[in-house]
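Let's take a friendly tour of a protein together. Have the sequence and the 3D view ready, and follow along as we go.

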Amino acid sequence: MTPISISRRPLRYTLAIAALVLAGGAVAQNAPTTGGGFSLPENPNFFVKNDPNYRKATVVVNGEIITGTDIDQRVALLVAASGGKIDDEELKRLKLQVLRNLMDETLQIQEAAAQKIEVEPEEIEQTYTRIAGQNFGQDPKAMEAYLTKIGSSPASLKRQIRGELSWQRLLRRNVQPFVNVSDDEVREVLKRMQDSKGTEEYRVGEIFLSATAENREAVLANATRIVEQLRQGGSFVGYARQFSEASTASVGGDLGWVRLGQLPAELGTALQSLQTGQLAGPIEIRGGFSIVALIDKRQVLTADPRDAVLSLKQLSISFPPGTTEAQATAKARAFADAVRAARGCGTVDAIAQQQGAEVVTNDQIKARDLPGPLQNLVLGMTLGEVTPPFGSIQDGVRVLMLCGRDDPKDATAPNFEQIQGQIEDERVNKRAQAYLRDLRRDAVIDYD
């Protein structure tokens, strides 16, 4: 299992370009045009060709070194999250993006230190252990071995943790106190939610890349390559953490539950045509491009049948080697007929014993945790009813019997404090982006 990366969202930065002094009539051949306030020639004549093999990976940000090893260890996390399915061209692009991430992270850590904001080693270790618990069953040693195996390291992940905690505390001190949300704004949101009861809402993942008129084509090409990687099995969560410029980057792009009216019209239109698990994009919206994935959908403030807690018994039989399809089909049919003849869950164990079937009981499983094709099937059953047999000759055949069902109550609206916090987070994010832009603008960056 791949550990959760918590790197900061990538944001763009600008490199200074040395001015060229052109002699004679060279300028006349390339009349300047204005773009973004700059006077630029349509067809620039480069006096020195860029050699991508000449630049070394080492970068110095305000005196602090970022090495090629730092970059490679971060890239390894994303490659692992994508199942290793990244070609050489994509890998080069990822290295550049990770370098930008590391530069931003360095600026955030430096700013926290300048503001006398400390992140104690014990806090980093606690977060590291929590991540290990989420992914490796409370075993940090297992996570360390995994990180080493994929070409990363515990030190790389811990630096990410330090950067995340540093930035959160900077925002909490320097931004959040100056963000205000009035009671009337919160009450208006709550009213709109009540008025929308019964309408559909969507749980959405988003990767947002900002763009301007000057870099639109480059950003679109980048977004298109990300979509290609995702369609080939890349991790949406991993790419969102490394590439998205939205506030949700640190949680893998998860926007939570939203209604279409809360999103740009272009995204709402795209989501309406998606099935759960599908993605769309890149979609051009104001300020850039978005890639969206539909995680789930439900009705606002209405109980979702898939949240019903079920009591199920699974009965399964296996086939000896050499069993033909005809033999397996006949045995599965006889097995299903015998189970259907059971008078409720109280007698099914005896029938299972007669059929040589194994019985597994689960009294606390939510319908939404079942595979998609089984969800609606089981929810349409009455107590004591069984599913048709399913499986294969290799894996055996099984049926599910419904022994109990507790239906969910209507969902409740978020409370006043939750809505207030959501609005505050959105406003803090906008100011955070401006804060980071200022740090980049003032930074001294050297390439070795």
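What follows starts with the whole protein and then turns to one sheet and its helices. Keep in mind that this is a predicted model.

**The whole protein**

The protein has 448 residues, and 41% of them count as buried. Its secondary structure comprises 14 helices and 13 strands. If you take the contacts between residues at least 6 apart in sequence, 74% of them join residues at least 24 apart. About 24800 Å² of the protein is exposed, and carbon and sulfur atoms supply 51% of that area.

**One sheet**

In general, the strands of a sheet pair through backbone hydrogen bonds, in a parallel or an antiparallel way. Here, four strands make an open sheet with antiparallel pairing, in the order β10-β9-β12-β11. At its edges lie β10 (358–366) and β11 (390–392), each of which pairs on one side only. From one strand to the next, the twist averages 20°.

How many bridges join β9 to β10? There are seven, and these two strands run antiparallel. To find one partnership yourself, look for S316: its bridge partner in β10 is E358.

**Helices beside the strands**

Two helices can be followed alongside these strands. Helix α11 packs on the sheet, while helix α12 lies across three strands, β9, β10 and β12.

| Helix | Residues | Strands touched or crossed | Angle |
|---|---|---|---|
| α11 | 325–340 | β9 and β12 (396–406) | about 20° with β12 |
| α12 | 348–355 | β9, β10 and β12 | about 20° to β9 |

Technical notes:
Residues numbered from 1 in each chain as written. Predicted model: local features only at pLDDT ≥ 70, side-chain atom pairs only at ≥ 80, totals over all residues. Heavy atoms only, no water. Buried < 20%, exposed > 50% of the residue type's maximum accessible area, 1.4 Å probe, protein only. Contact = heavy atoms within 4.5 Å. Areas by Shrake-Rupley, 256 points an atom, 1.4 Å probe, with all protein chains shown as cover. Pairing = 2+ DSSP bridges. Axes fitted to C-alpha atoms, helices over the stretch in contact; angles between N-to-C directions.
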